[in-house]
Amino acid sequence: KTWTIFLFWGAERFDIFLNYWTKSTERMSKGVLFPEGYYDGSIILVGLKRKKYFVFNPWKIFHPFPLSVWLAIGASIIFTGVIYIIIENINCLTRPSSERCGAIFYYSAMVFNGQSDFSPRSNLGRLITWSWTFWAMIVGSAYTASLATSLVAEQAPYSNQVNAISDVEAACSRVCVRKGGYEDELVTNKLPDNPIIRKTDDDSVFKSLIDTECDIAVVEMMMWKRYENSKEVNKDCRLEQRGSPYKFLMAGAATSADSDLYCTSLIYHVLNFHFSEMRDEGFITDAWEDNFRSVGNQNCIGHEISSIENDENTLEQFGLREMGGIFIIHFLFTVVALVLAIYRRSF
C-alpha cells in the first residue's frame, strides 16, 4: 500500500484527514482537496558532506611529479652539466677546477627555474644549451600546471557531486526514500533504472545515508529541517542539502471534494481561510521553529567536516609516461653533441 491509497481511503471516510499530505494533480483528479498547506513538502536531495582537508603538508610542492620524475630531473641536471663541461672545456676534466665545475652544475640547475647563465662558445655547446632550455620550459610548464590543478581542486566543489535529479540518474546513484511517500512515487517514476532503497520511517532514511547504504536521499524539505540538527540522526553534521529543491510543494490537511451530499467542500474553504490567516500572521513559521529547536541538539550551520586523511592520491600526477618524451629528446640532442665533440677532438 502507498500513502496515496491511504489518502483516498481516509478522504472518503473522514471530513478532515490531517497529516502532511502533499498536493499533486493525481490526487486532486481523484476528488481530494488540499487547503492552504502548513508543511513544506518541497522535494530536495540530501547527501554526505564532502570532507575538507586541513592537513599541513610541507611536501606538497613536490606533489606534481612522482619520485621517479624528480629523480630523472636530478639525473638530467648532473648529466647535462657534465656533458656541457666536456664539450666546452675538456681541460675541466683533465685539470678540474672545483669552482668552475660547481658553477656549471649551478647553471644547469638554475635552468629548471627559468634562468639560463650558460655562455657556450661552440656550436655544439649552443645545441646543448638550446635543448636544455627547451627541456626546462616543458618540464616547468607541466610542473606549474599540475601544482595549480592540485591547489584549485582542493578548493573547488566536488566535480562528481550529485546536486540534481538529473545527476542522480546520470550517476545511477543508489537512492534512499521513505517507503510509500510522495517522494517514493516521484523517484519510482523519474528514476526507474536507479537502485531504490525504501525505509519505513524518516530517521532511517538519513541513517542509511550515513551508513553509505545509499548515495543520496530524496526527502521533503521539512523532514530534513526537522532532523538536520539532531545528533541522533545527523551525527557530527555529516549530511547536507544538495542543490535547490527539485519541486516546490506545500503539504497539509486533505478533504473530499463534495459539495452535495456531505458538503465537505465547505470544510475545505473554512480550513483554507484559517490556515492562510495563520501563515500571514507568522504563527505557522514560529510553531515550526519552536519544534525544530525542541528536537535539535546541535548547530550544523556553517559546519564543515575535517579529516586527517589526504586525498592527494586522487589528483593526477605527470609521471614518466607523460614526461618521458622531453627527457628522451634532450638525451638524444646531448648524445649527438657529445659524439660530435669527441669526433672533432679525435680527428
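How many aromatic pairs does the count come to? In this predicted model, local features require a pLDDT of at least 70, side-chain atom pairs count only at pLDDT 80 or more, and totals for chains, interfaces and linings use all residues. Residues are numbered from 1 along each chain as its sequence is written, and side-chain values use heavy atoms, with hydrogens and water left out.

The count comes to 20 aromatic pairs. Rings of Phe, Tyr and Trp (its six-membered ring) are taken as a pair if their centres lie within 6.5 Å, and planes under 30 degrees apart are classed as stacked, over 60 as edge-to-face and the rest as tilted. Y20 and W288 form a tilted pair, with 6.1 Å from centre to centre and 55° between the planes. This pair links distant parts of the chain, since Y20 lies in strand β1 (residues 17–22) and W288 in helix α12 (residues 283–295), 268 residues apart. Helices (H or I, at least four residues) and strands (E, at least two) are DSSP runs, numbered from the N terminus. Y20 is partly exposed at 39% relative accessibility, whereas W288 is buried at 15%. Here buried stands for under 20% relative accessible area, exposed for over 50%, and partly exposed for values in between (1.4 Å probe, protein chains only). Y20 and W288 belong to one aromatic cluster together with Y38, Y39, F275 and F292.

Members of this cluster also appear among the contacts of A251, a residue of strand β10 (residues 250–256). A251 is buried, with a relative accessible area of 1%. Leaving aside neighbours within four places in sequence, A251 is in contact (heavy atoms within 4.5 Å) with Y20, W21, T22, G37, Y38, Y39 and G41. The C-alpha atoms of A251 and N19 are separated by 8.2 Å, although these positions lie 232 residues apart along the chain numbering.

Five strands form an open sheet of mixed pairing, in the order β7-β6-β8-β4-β9. Strands are considered paired if DSSP finds at least two bridges between them. β7 (196–199) and β9 (239–247) stand at the edges; each has a single partner strand, so one side of each is left without a neighbour in the sheet. From one strand to the next the twist averages 30°. Within the sheet, β6 and β8 pair in the parallel sense over two bridges, and C176 has A217 as its bridge partner in β8. Helix α8 (residues 182–190) packs on the sheet and touches β4 (43–48), β6, β7, β8 and β9, its direction making about 145° with that of β6. For such angles, axes are lines fitted to C-alpha atoms, for helices over the stretch in contact, and values run from 0 to 180 degrees between N-to-C directions.

C176 also takes part in the one disulfide found in a search of the whole structure. A disulfide is a pair of cysteine sulfur atoms within 2.5 Å; those of C176 and C214 are 2.2 Å apart. The torsion about the S-S bond is about -110°, so the disulfide is left-handed. C176 lies in strand β6 and C214 in the loop between α9 (202–210) and β8, 38 residues apart. Both C176 and C214 are buried, while C172 is partly exposed at 39% relative accessible area.

Side chains of opposite charge can pair when their charged atoms come close. The count comes to 12 salt bridges, each defined as a side-chain nitrogen of Lys or Arg within 4 Å of a carboxyl oxygen of Asp or Glu. R178 forms a salt bridge with E183 (3.4 Å, N to O) and another with E220 (3.4 Å, N to O). The pair of R178 and E220 links strand β6 (residues 175–178) to strand β8 (residues 216–220), with the two positions 42 residues apart in numbering. R178 is buried at 15% relative accessibility, E183 at 0% and E220 at 2%. A network of salt bridges links R178, E183, D202 and E220. In a further salt bridge, the closest N and O atoms of E240 and R242 are 3.4 Å apart. E240 is partly exposed at 23%, and R242 is buried at 8% relative accessibility.

S131, in helix α6 (residues 123–155), is buried with a relative accessible area of 2%. Not counting residues up to four places away in sequence, S131 touches I329, H330 and F333.
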